[in-house]
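Student: I would like a close look at one part of this protein. Please take a single sheet and go through it strand by strand, then set it in its surroundings.

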Amino acid sequence: MPGPMYAARMASTDPRLIPLLDTSKRPEPKVLPHPLGGERYTSRDFMEREWERVWTRVWQIGCLESELTETGDFVTHEIGRESLIFARHTNGEIRGFYNVCQHRGNRLVPEERGRSGAFVCPYHGWVWQTDGELRKVQDEEDFPESPCGRLSLTPVRVETWAGFVWFNLDPDAGPLMEFLDPVARQMDTYRMQDMVRTGYTTVEVDCNWKVIQDNFSESYHIPTVHPGLKYFLDDTYQSTQFDLYERGHTRMIMVGGGPSERAHGNEELILRGLREELEGWGLDPESFRGRLGDMRAELQRQKRKLSGERGYDFSHYVDEQLTDHLHYTVFPNLAFSMKPEGCIFLRPNPHPTDPEKCLFDCWYFTLFPEGDDTSRVQQTDGVWSTSREPAAHSKGLLGEVPLGAGISEDASVFISQQQGLRSRAFGGATLAGQERRIAYYHQVIDEYLDGSRG
Ligand code: FES
Ligand SMILES: [Fe+2]
């Protein structure tokens, strides 16, 4: 089982802090070999079955709570063929609805966001309240019986957690916290609700959504697609801990704050790779010449030591959270990497009609130090932020809008893989052990499809 080296390095963890984040390796659910045939990525029938049995039954993120601070604030969200509205009602509650006027079906709210006391349908002007009730219709007396008081928008289940508004299209779904177990408990050690979304991009990509989720479910591609990463993180599977959880979510912990053996001790490039972070925390990269192995522990100590004066509270993080790369997937299509000062959330959503396209969200979040309105802050590896303002939504085709250097490297293979998956020559995947997070979530998809789950 990969990961023993990670467990060995954990021995240095401060025991007082261990209960905060459980980094232990759990027994894994059984993962069967999966053929991963190309038709899962190309077939309309498969896409249709996924819509009916997966997308309409899982908890997903609709928007941020911080987008709905005032009464009447609303955000619309597209998922597959549906559009949804999330709104802050006058009683303070967040409500969710299908974005469908119940008069003759027009999409009710065309805007992505706004603030309004009611939703007025652009077609015939029916007025819907932010609790979904129909308030007013044109020529009310012309109806055999007034629809006001009888009709309402179709509601969607909503819950909030970690600063996000989550929704589920299944009215009978279990609670969100049950669905997210045990990832929610682990994520609670970060202060997601205090982070600002400092990067917000959606690109349309000519590939099935699972091409992207597969990519973010393995690190096997790092040496080839991200050759620079080996200088500041350990990209070998032997050092990496992989965790598979019962509900289809997964975790991967990669050792950071030092190089991979693939870097072959290339001191120049290793020190260059970590220079910005070391200097940012007041450490001299040159002082680590000849003792690269000390960097990780010293960086952890230094971050903890300086965190208070820098406006951070790292007391709730275990040492590993200060340097290592904790990467999660939440079934079916969310992937995120957590660092103490920020994180990145990646989400390929299914296209409304085409199985060979998807809409890929890329969100950066930054935890700004308290009392400091000017410093640039590393929101995630190699991406820095200076503005405390939430980012505007940038949209386009892949290649038209920037995704950040690391994600652009990932994106370079999305379309070429889809091209191969649709070829008659592709006979199915052959997965390495370290790619079993992929096999696992596809297995969970199949269980949703055959009705044994969800
Ligand atoms: S479809 Fe909305 S008012 Fe007619
Ligand atoms: Fe990658």
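Tutor: Start with a caution: this is a predicted model. The part to look at is an open sheet of 7 strands, ordered β1-β10-β9-β4-β3-β2-β5. Its pairing is antiparallel. The edges are held by β1, residues 60–64, and β5, residues 113–115. Each of these two has a single partner strand, so one side of each lacks a neighbour in the sheet. From one strand to the next, the twist averages 30°.

Strands of a sheet pair through backbone hydrogen bonds, in a parallel or an antiparallel sense. Here we can follow the pairing from the β1 edge inward.

Take β1 and β10 to begin with. Strand β10 covers residues 164–168, and 4 bridges tie β1 to it. The two run antiparallel. To find the register, look at I61: its bridge partner in β10 is W166.

Next comes β10 against β9. These two pair over 5 bridges, again in the antiparallel sense. For the register here, use V158, which has F167 of β10 as its bridge partner. The pair β9 and β10 also forms a hairpin, with 2 residues between the strands.

Stay with that turn for a moment. It contains A162, whose phi is positive at about 60°. A162 is a residue other than glycine, and that makes the positive value worth a check on the backbone. How buried or exposed is A162? It counts as partly exposed, because it has 18 C-beta neighbours inside 10 Å. The cut-off for a buried residue is 20 or more.

On the far side of β9 lies the next step in the strand order, β4. Strand β4 spans residues 94–98, and 2 bridges join it to β9. This pair too runs antiparallel. G96 stands opposite V156 of β9. From β4 the order continues through β3 and β2 to β5.

Now go back along the chain from β9. The loop between β8, residues 134–136, and β9, residues 155–161, holds D139. Its phi is positive, about 50°, although D139 is not a glycine. D139 is exposed, with 8 other C-beta atoms within 10 Å. Compare A162, which is partly exposed.

Two other backbone features sit in loops elsewhere. D181 and P182 are joined by a cis peptide bond, with omega about -5°. P182 is placed in the loop between α3, residues 176–180, and α4, residues 183–187. A cis peptide bond also joins F331 and P332, with omega about 0°. P332 belongs to the loop between β14, residues 325–330, and β15, residues 334–339.

Last, the setting. The protein has 12 helices and 20 strands. Its radius of gyration is 23 Å, close to the 22 Å that the globule rule gives for 454 residues, so it is as compact as a globular protein of that length. Along the principal axes, the C-alpha atoms fill a box of roughly 85 × 60 × 40 Å. Of the 454 residues, 41% are buried. Among contacts with a separation of 6 or more, 63% come from residues 24 or more positions apart.

Key: Residues numbered from 1 in each chain as written. Chains lettered and ligands numbered in written order. Predicted model: local features only at pLDDT ≥ 70, side-chain atom pairs only at ≥ 80, totals over all residues. Pairing = 2+ DSSP bridges. Helix = DSSP H or I, 4+ residues; strand = E, 2+ residues; numbered from the N terminus. Axes fitted to C-alpha atoms, helices over the stretch in contact; angles between N-to-C directions. Buried ≥ 20, exposed ≤ 12 C-beta atoms within 10 Å, placed from the backbone. Rg over C-alpha atoms; globule rule 2.2 N^0.38 Å. Contact = placed C-beta atoms within 7 Å.
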